[in-house]
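Reader: I'd like a close look at a single part of this one. Could you take me through it, starting with its surroundings?

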Amino acid sequence: MHILVTGGTGYIGSHCVLELLQSNHTVTVISNLVNSATDYKGQPLSLKRIESFTNKKVNFKKVDLLDLQELEKTLKSENFDAVMHFASLKSVGESCREPLKYYYSNIVGSLNLISVCKKYNVKNLIFSSSVTVYGTSTHCLLKEDDAIGEKITNPYGQTKYMLEKMFKDIAKSDKDWNIICLRYSILVGAHPSGIIGEDQKGIPNNLVPNIIHVIKGKIPYLTIFGNDFNTFDGTCVRDYIHVTDVASANLCALNRIIEEKNIGFEIYNIGMGKGYSVLEVVKAMENASGKKIPLKIMPHRVGDVEYLCCDPTLAAKNLKWSTQFNLEEMCRDVINWQQKNPEGYVNKDHENLKTG
Ligand code: UD1
């Protein structure tokens, strides 16, 4: 199969590209490289590492989904069997400060992509969504047919919700479309080899990246946003998942589209189906790093819900997918990536670096 991967230079996309190559698919990646380090020729460092690791070639084109003409050229020049759509702006905080940028980039970019796919008859699509679409807190595992959209707290989450709705309507309008939305829980980890991982710039917002900052000595302590929630240890509970398990879920979704055909529109939760508290994650990161993490308890963060975990039973059944990695392994791999690449991709490739 020849797969077009949007955002294939980024955190999730790059892990998926690696899995696709290892499954002998041909891969073309398009990216605007906004958050990706490149060498002096403008080649993404994540893909260069994947090529040397797998000894296989990735086709890469610098294309922004907002550039309809370039996008059209890409689809016109090759026969793709399916599209995996990872490209997205994804910072919750930034989306609140710059909602227009998020709505424009995520919504218009995806509209361009799907309209060009329609024109060139590439009607198999796998879309990266998020459990954020549930926007709610319940102490039950969330299921795919639970209500979505009601209490989403930020424009990033709204774009995922709107795009799911849009893809559903498109699939309904024409039975040739096969569209699978994968709702990921919180991603942690890196490829166990340590060659690729999350190359995040700037000040992090999320739990594990903040713990890494403490371990590296960039901040003196981890802020815990509340220890008086109605959970077993008072801190919020979330469902975490290893990025390699997310990549394998995408491969399983692709196999379903190829084998079943005429699936129309489907949604799957991609998580562990098991929650961990903030303090449990801290403990697991302490064990993986061998370092004590100083903590400071602060008031609740606005918009935080106390419990958010999803039920992956449907994905296990229909996609024949299951997780391979537990929380300890997520933490082990994120520490391994950090130790091998303290400055992200810049580390080993600094002589070729163009952007940071
Ligand atoms: C985040 C996103 C959400 C997305 C999800 C999965 C935000 C606000 N939400 O969820 O849209 O669907 O990832 O990708 O970013 N915490 C601390 N101290 C910290 C950071 C976090 O105590 O320094 C706590 C939070 O209060 C929360 C838990 O850790 O209870 C997880 O937080 P985080 O990693 O930011 O993820 P979510 O906000 O749950």
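Over residues 3–271, how much of the chain is helix and how much is strand, and how far apart are the end C-alpha atoms? After that, please zoom in on helix H1.

Author: Sure. Bear in mind that this is a predicted model, where local features need pLDDT of at least 70, side-chain atom pairs count only at pLDDT 80 or more, and totals for chains, interfaces and linings use all residues. Residues are numbered from 1 along each chain as its sequence is written, and side-chain values use heavy atoms, with hydrogens and water left out.

Residues 3–271 come out at 39% helix and 19% strand, with the end C-alpha atoms 24 Å apart. Helices (H or I, at least four residues) and strands (E, at least two) are DSSP runs, numbered from the N terminus. An unreviewed UniProt entry annotates that stretch as "domain: NAD-dependent epimerase/dehydratase"; such annotations may be inferred rather than shown by experiment.

Now for H1, residues 11–22. Its end C-alpha atoms sit 17 Å apart, which agrees with the 16 Å that 12 residues should span at 1.5 Å a residue (the expected span is 1.5 Å times one less than the number of residues). Of those 12 residues, 11 are buried, so H1 is largely enclosed by the rest of the structure. Buried means under 20% relative accessible area, with a 1.4 Å probe and protein chains only. Among the buried ones are Gly13, Ser14, Val17 and Leu18.

H1 also packs on helix H8 (residues 243–260), at about 60 degrees and with the axes 8 Å apart. The contact (heavy atoms within 4.5 Å) involves residues including Tyr11, His15 and Glu19 of H1 and Val243, Ala247 and Leu251 of H8. After H1 comes Asn24, with a positive phi near 65 degrees.

Technical notes
Buried means under 20% relative accessible area, exposed over 50%, partly exposed in between (1.4 Å probe, protein chains only). Axes are lines fitted to C-alpha atoms, for helices over the stretch in contact, and angles run from 0 to 180 degrees between N-to-C directions.
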